[in-house]
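Here's a quick briefing for anyone meeting this structure for the first time. Take a look at the sequence and the model, then read on.

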Amino acid sequence: MTKYIASCSFGKDSLAMLIKIKELGLPLDEVIYCDIRFDDEPLSGEYPLMQSFIPKAEKILKDNFNIVVKHISADTSFYKQFYKKKTRGKHIGDYYGFPFPAAAWCNYYLKLNPIRKYLKSYKEPVIQYVGIAYDEPNRYERLNHETHIAPLYDLKITEKEAMKICEKHNLLSPIYDYGFRGGCWFCVKQNKSQLKNLYLNYPDKWNKLKEMEKDSHNCFWGKYTIEELEKKFEEEIYHE
């Protein structure tokens, strides 16, 4: 018998998706959250705002929707993989260092691989629910529609509407108050405004990246070093 599994990031789209699945009575066997960790501590890859929000959201899901979220994670962390030495390619003997945005090793080692490994533990066929909103047609087109379902897209629910659904059930993460989408605080794909937020509000995390950059064969953010980003941010603050 086919198993129906939903992936939850605790962002607005995946939470709105879970709500609609329950409201519509769609089949749902399990909900999984991939804990992408910076170090060995649970939730260490999430911004502090999300670290505190996730347990609250899990309680609401359990109490109001009878949903229990299963946490899975990789056998390694971002920090450990960063300092692992390469055995192939142009940089043999070097640390992995920071991922390149176009081919981020962290996405494979810390997210895709553990999810695939977990889903393979099922002997039955698996259909995955994914939180893709109606205004994300490119993501929807890339889906394998034989193995994945995007309820929000099928229901023509936009990102803005997903946000309202979450607000109604007290399931909207506080990260949206700061104008960014969340994700890992060490993500090399963050935009400039989100990095500026990290610099201003989480100096301990910013300085950790700055320290690690000394051991990386490439910069943390594109062609700019963290020190160069700091100068840009300080100039912007000075001229505000």
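Let's start with some vocabulary: a residue is called buried when its relative accessible area is under 20%, exposed when it is over 50%, and partly exposed in between (1.4 Å probe, protein chains only). What you're looking at is a predicted model, where local features need pLDDT of at least 70 and side-chain atom pairs count only at pLDDT 80 or more, while totals for chains, interfaces and linings use all residues. Numbering runs from 1 along each chain as its sequence is written, and side-chain values use heavy atoms, with hydrogens and water left out.

**Salt bridges**

- A salt bridge here is a side-chain nitrogen of Lys or Arg within 4 Å of a carboxyl oxygen of Asp or Glu. Searching the whole structure turns up 11 salt bridges.
- The idea behind them is simple: side chains of opposite charge can pair when their charged atoms come close.
- Lys 12 pairs with Glu 159, and their closest N and O atoms are 2.8 Å apart. Lys 12 sits in helix α1 and Glu 159 in helix α7 (residues 159-168), so this pair ties together parts that are 147 residues apart in sequence. (Helices are DSSP runs of H or I with at least four residues, strands are runs of E with at least two, and both are numbered from the N terminus.)
- Both ends of that bridge are tucked away: Lys 12 is buried at a relative accessible area of 7%, and Glu 159 is buried at 17%.
- Glu 236 and Lys 196 also meet through their side chains in a salt bridge (3.2 Å, N to O). That one links distant parts of the chain, with Glu 236 in helix α10 and Lys 196 in helix α8 (residues 192-201), 40 residues apart.
- Are Glu 236 and Lys 196 buried or exposed? Glu 236 counts as partly exposed at 27% relative accessibility, while Lys 196 counts as buried at 14%.
- Some salt bridges share partners, and in this way Lys 12, Asp 13 and Glu 159 are joined into one network.
- Lys 59 and Asp 63 form a salt bridge as well, with their closest N and O atoms 2.6 Å apart. These two both lie in helix α2 (residues 48-65), four residues apart, or about one turn of the helix, and both are exposed.

**Helix α10**

- Helix α10 has 14 residues (226-239), which should span 20 Å at 1.5 Å a residue, and its end C-alpha atoms are indeed 20 Å apart. The expected span is worked out as 1.5 Å times one less than the number of residues.
- Which residues of α10 are buried? They are Ile 226, Leu 229, Glu 230 and Phe 233. Looking down the axis of α10, these buried residues fall within an arc of 105°, so they line one face of the helix. (The arc is taken from the directions from the helix axis to the C-beta atoms.)
- Turned away from that buried side is a face carrying the exposed residues Lys 231, Glu 235, Tyr 238 and His 239.

**Cysteines**

- A disulfide would be a pair of cysteine sulfur atoms within 2.5 Å, and a search of the whole structure finds zero of them.
- The sulfur of Cys 106 has its closest cysteine sulfur in Cys 187, 6.3 Å away, which is too far for a bond.
- Cys 219 also has its closest cysteine sulfur in Cys 187, at 16 Å, again too far for a bond. Cys 219 is partly exposed, at 22% relative accessibility.

**Loops with a positive phi**

- Most residues other than glycine have a negative phi, and most peptide bonds are trans.
- Asn 66 has a positive phi, near 55°. This residue lies in the loop between α2 and β3 (69-72) and is exposed, with a relative accessible area of 63%.
- Asn 170 also has a positive phi, near 55°. Its place is the loop between α7 and α8, and Asn 170 counts as exposed at 61% relative accessibility.

**In and around α1**

- Ile 21 belongs to helix α1 and is buried, with a relative accessible area of 0%.
- Leu 26 lies in the loop between α1 (12-24) and β2 (30-34) and is partly exposed at 33%.
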